[in-house]
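Please find below my note on the structure submitted for comment. It takes up the overall fold first and the empty spaces afterwards.

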Amino acid sequence: MSLKDAAIYLDDISYEKNNHSILSNITGMIPKGKITTLVGPSGAGKTSLLKLCNGLTSPTSGKIYINNKRIESYHPPSLRRHVGLALQQATMIYGTVRKNLALPLTLQNKQLPDNQAEELLKLVGLDAKLLSRHVNDLSGGQRQKLSIARTLINQPDILLLDEITSSLDPISVKEIEELIDMINKKYRTTIVWITHDLEQARKMGDDVWVMMQGQLIESGPITLLDNPKTDTVKQFLKGRA
């Protein structure tokens, strides 16, 4: 795959925090328009990697390219319009569904039209009647869908997902998986999805990165989970079987 096919390209990325190495010498590509799942044990640096790609933190060394442009060349609000991020805990501000949905536009001093608000909720499988409801009255699955809808307001090219189904019931997990699959296929949105669930990784991913101890150990088509090259990854997968 050439650089022009990469939504995200990491060139020898390292990241340290408080003199502690979090990520070491990571080089790899996330292909455009596909779902890449990130797997690995806790503490592997997966969340830190997503935050680097969203510009929430900066690498200690190395270069990051978003759609063939150095990440530093993006104005931060512009970068976050290109690269959306949804986290495990769908953080909400106090108030209604509408207030939370409109937040990205509110921060840009823009209004969210009623028809767009209703269309966004419909897109993620939520009833428009929920717009006036307080977010504290939503279920976990509804909050996660709202979080994704809010991220989609900016129509990002790339969507970063961090364990977004780990605390949900099986029905909500299935609904979120179907939603992400639809977003990927309908809009050709590039998805990078951290998951601890290897079956979910296999089912949802076109490609996979296996990270351990701050390093990218293996990456490639999702089939590598069934035929890893390194003993380290074999042991990790065996332990999760």
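The numbered points that follow deal with the chain as a whole, its two sheets, the helices that lie across them, and the cavity and pockets.

1. Status and overall dimensions. The structure under review is a predicted model. A compact globule with 241 residues would have a radius of gyration near 18 Å, and the chain agrees with this because its own value is 18 Å. Along the principal axes, the C-alpha atoms fill a box of roughly 55 × 40 × 35 Å. Nine helices and ten strands make up the secondary structure elements of the chain.

2. The four-stranded sheet. Strands β2, β1, β4 and β5 form an open sheet in the order β2-β1-β4-β5, and the pairing is antiparallel. The edges are taken by β2 (20-31) and β5 (69-70); each has a single partner strand, so one side of each is left without a neighbour in the sheet.

3. Pairing around β1. Strand β1 is joined to β2 by eight antiparallel bridges, with Ala6 facing its bridge partner Pro31 in β2. These two strands form a hairpin with two residues between them, and Asn18 in the turn has a positive phi of about 50°. Towards β4, β1 has five bridges, again in the antiparallel sense; here Ile8 has Ile66 of β4 as its bridge partner.

4. The β4-β5 end. Strand β4 (residues 61-66) runs antiparallel to β5, and two bridges join them. Within this pair, Tyr65 stands opposite Arg70 of β5.

5. The six-stranded sheet. A further open sheet has six strands in the order β6-β7-β8-β3-β9-β10, with mixed pairing. Its edge strands, β6 and β10 (215-221), each pair on one side only. With direction ignored, neighbouring strands of this sheet are turned by 15° against each other on average. At the β6 edge, four bridges link β6 to β7 (residues 158-162) in the parallel sense, and Ala86 has Leu161 in β7 as its bridge partner.

6. Helices across the sheets. In the four-stranded sheet, helix α1 (residues 46-53) lies across β1 (6-17), β2 and β4, at about 120° to β1. In the six-stranded sheet, α6 lies across β6 and β7 and runs at about 165° to β6. Helix α7 lies across β3 (35-39), β7 and β8 (190-194), and its angle to β8 is about 150°.

7. The cavity. Which residues line the largest cavity? They are Ile8, Leu10, Ile30, Leu49, Leu50, Cys53, Val192 and Trp209. By class, this lining has eight nonpolar, no polar and no charged residues. Helix α1 gives the most to the lining, with three residues, and β1 is also among the elements that supply at least two. The space in this cavity is about 40 Å³, and the structure holds one cavity of 30 Å³ or more. Ile8 thus appears both in this lining and in the bridge to Ile66 of β4.

8. The largest pocket. About 660 Å³ of space lies in the largest pocket. Of its 24 lining residues, Arg80, Leu85, Pro104, Arg150 and Thr151 lie nearest the centre. Four elements, α2 (76-82), β6 (83-86), α4 (103-106) and α6 (140-152), each supply at least two residues of the lining. The lining divides into 13 nonpolar, eight polar and three charged residues. Two of these contributing elements, β6 and α6, also meet in the six-stranded sheet region, where α6 lies across β6.

9. The second largest pocket. This pocket has about 260 Å³ of space. Its lining consists of Gln116, Glu119, Leu120, Leu123, Leu152, Ile153, Gln155, Pro156, Lys186, Tyr187 and Thr189. The elements giving two or more residues are α5 (114-123) and α7 (170-187), and α5 has the largest share, with four residues. Six of the lining residues are nonpolar, three are polar and two are charged. Helix α7 is also the helix that lies across β3, β7 and β8.

Terms used: Residues numbered from 1 in each chain as written. Predicted model: local features only at pLDDT ≥ 70, side-chain atom pairs only at ≥ 80, totals over all residues. Heavy atoms only, no water. 1 Å grid on protein atoms, 1.4 Å probe; cavity = no way out; pocket = protein on both sides within 12 Å on 5 of 7 lines; lining within 4 Å. Points joined across faces, edges and corners; volume = space filled by probe spheres on them. Nonpolar A, V, L, I, M, F, W, Y, C, P; charged D, E, K, R; others polar. Pairing = 2+ DSSP bridges. Contact = heavy atoms within 4.5 Å. Axes fitted to C-alpha atoms, helices over the stretch in contact; angles between N-to-C directions. Rg over C-alpha atoms; globule rule 2.2 N^0.38 Å.
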